[in-house]
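Colleague: I am new to this structure and would like to understand the reasoning behind the words used for it. Could we go through some of them in turn?

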Amino acid sequence: MKAIAGLIALALLWSTVPASAENAPPPNCEVPAHFLASEATLKKVAETVKTEGRLDIMVIGSRSATVLAPDGTGFPGRMEAALRDKLPTVKVNVNLQLQIKKTAADVSGDLARILEGKQPTLVIWQTGTVDAMRAVDPDDFRTAVDEGVTALQKRGADVALMNLQYGPRMETMITTAPYLDVMRVVAQQHEVPLFDRFAIMHHWNETGQFDLFNNSRGIELAKRVHDCLGRALATFVIEAARIKPAELRTQQ
Amino acid sequence: MTSVTDQPAGGFTESAVKDRAPPPSPPVRKLPSPAGGPAPGERELRLDLFRGLALWLIFVDHLPPNLFTWLTIRNYGFSDATEIFIFISGYTAAFVYGRAMTDRGFVVASARILKRVWQIYVAHVFLFTIFLAEISYVATSFENPLYTEEMGILDFLKQPDVTIVQALLLKFRPVNMDVLPLYIVLMLFLPPILWLMKRKPDLTLGLSVALYALAWEFDLNLPAYPNGVWFFNPFAWQLLFVFGAWCALGGARRMAPLLSSRILMGLCVAYLLAAFFVTLTWHLPQLGHFVPRIIEQWMYPINKTDLDVLRFIHFLALAALTVYLLPSDWPGLRSPWLRPAILCGQHSLEIFCIGVFLAFAGHFVLAEVSGGAAIHFVVSLSGIVIMSAAAAVFSWYKRVAAKGGKDAKSAEANADLAGGGS
């Protein structure tokens, strides 16, 4: 026991030493185009951006929407930065609603409160992780996501779904496939775009862009992954809304 | 007791001779050519072959996706190796214990079945122990902040009292440990199934179909811990097991004319191709819009937990086509190249457990050696080699023990005296 405690203490000490990763060049965040293309369109986003020059996005997410670090390093913050960068003429605002340890059913039943007093143009709902960890019946998960998307659409918001993270070590412990399938199906049925975070991270791991097996306790890897996710998500939103940044600029 | 090796697979030969049924009831996979049945004194090697292959595929599917994964059948259609495994298990179990029931009566056969159930249960608990060891290591050594949320899954380690009891009750089953509990439940109900099957085979199959339908209608399933339900719903998956048993006890013979029909084979091929195309759209989303929306809505989700009808039909089509194309006297079955798979199929329980263990170990190695495609390949291949080598050792031991004859028996008695034994 003592030895283990000692080892852990040692490991903690070690992790406070700045990782060499910090000096690594910024990744190029390469994502094949078909991961970011979507048949479904974000009509409301397109319209609001065109007519009002603003874009209010709400991200409803679980713990994996954040990094244990100062604000803005999680993918919602990175997406906001990337969108502002790509759409300089649009007032972009991203608001994160963290629903820690909540299943899709919990969130779906609580949407009225979460959205109270807010009128986001687009709601990006990141879900599935908690359900997969608790092995919620995929049928129940499907009902919950279905009801949630319906409720969000009724409130007049565009909706996009985001699925689970890919983690090579997680495969031993969590069954992800049924939840990924359900989200794909619900997205198709409601014609809402699905940001396939799982496939994208899997791709990064395969191509060696990120080493997700890495077991350093440092926060750098997480920050870089979230940075890339945020940028990919920004591109995804722009593509799904069929916005042409060049046209916007000439309009103004 | 030689029954440590897989008994069910052992018995085709004698049974073919002894069985009361007129001609040796031909296992399902050898139907089209009436003359194609194995001569008395030979095993039905196709069953062993496909069970062995299924075990390999299950192992590969349990590893993180890699080059080998592309060879597994789940990438080419709806059903996967689990269907093959459960069907053949039902088939062989009915064949062997059905004979025992005829020869020795219901009670003795049931006792033998229950002994088998116990073996499977112990194997499951053994695997769970290995899983706990691995997970505990991961929990203490790995804290990548990217996965803080997912590591919450390890919270169960904080209450080992509850977790371990739930595991012993088969309610807590970590990833990749779902097949054996299903197998345990199915075998537990084998005695009454066999009893009825020997009297009214069609009624038994009918009841099985009815239970399957009820499971779908009323969402029947067994509860899991901490929540949710069994990943392989026994109320649904029993259909494959009972269907296997039905085929073994004469159903296959009756289906023979149907299975040699060219029209049916045409339908099978068409269905398999359609399934292949649908599966292709999962991997190449660009193809997605070739599937009409209405079919998509009707088809999805293709539910594995409740053995979706589409999966079941896919398995039937695959099996029918295999039987059609591969006669049981196919010389390839004797080829040394297929020998490893056949050996694995002949010792299915042991090899299955080794496969699950190797999958854990493979995950572990891949995590520690942060491997590229090459390491992945090596891990998959060496897993299959180890499984085959182990199967060869089991076969060797079984042969030696059988030769020992009386010596082995008395050694066993001594072991029993010493409180050991089987």
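Modeller: Let us begin with A:Cys29, which has a relative accessible area of 12%; since buried means under 20%, A:Cys29 is called buried. Please keep in mind that this is a predicted model.

Colleague: What makes A:Cys29 and A:Cys228 a disulfide?

Modeller: The sulfur atoms of A:Cys29 and A:Cys228 are 2.1 Å apart, and a disulfide requires cysteine sulfur atoms within 2.5 Å, so the pair qualifies. A:Cys29 lies in the loop between α1 and α2 of chain A, whereas A:Cys228 lies in helix α11 of chain A, so the disulfide ties together parts that are 199 residues apart in sequence.

Colleague: Why is the disulfide of A:Cys29 and A:Cys228 called left-handed?

Modeller: The torsion about its S-S bond is about -75°, and therefore the disulfide is left-handed.

Colleague: How do you know whether A:Cys228 is buried or exposed?

Modeller: Its relative accessible area is 1%, and the cut-off for buried is under 20%, so A:Cys228 is buried.

Colleague: Why is B:Cys268 not bonded to B:Cys247?

Modeller: B:Cys247 holds the cysteine sulfur closest to that of B:Cys268, but the distance is 13 Å, which is too far for a bond. At 8% relative accessibility, B:Cys268 nevertheless counts as buried.

Colleague: Why is strand β1 of chain A described as largely enclosed by the rest of the structure?

Modeller: Six of the eight residues of this strand, residues 54-61, are buried, so the description follows. Strand β1 of chain A is also joined by eight bridges to strand β2 of chain A, and the two run parallel.

Notes: Residues are numbered from 1 along each chain as its sequence is written. Chains are lettered from A and ligands numbered from 1 in the order in which they are written. This is a predicted model: local features need pLDDT of at least 70, side-chain atom pairs count only at pLDDT 80 or more; totals for chains, interfaces and linings use all residues. Side-chain values use heavy atoms; hydrogens and water are left out. Buried means under 20% relative accessible area, exposed over 50%, partly exposed in between (1.4 Å probe, protein chains only). Helices (H or I, at least four residues) and strands (E, at least two) are DSSP runs, numbered from the N terminus. Two strands pair if DSSP finds at least two bridges between them.
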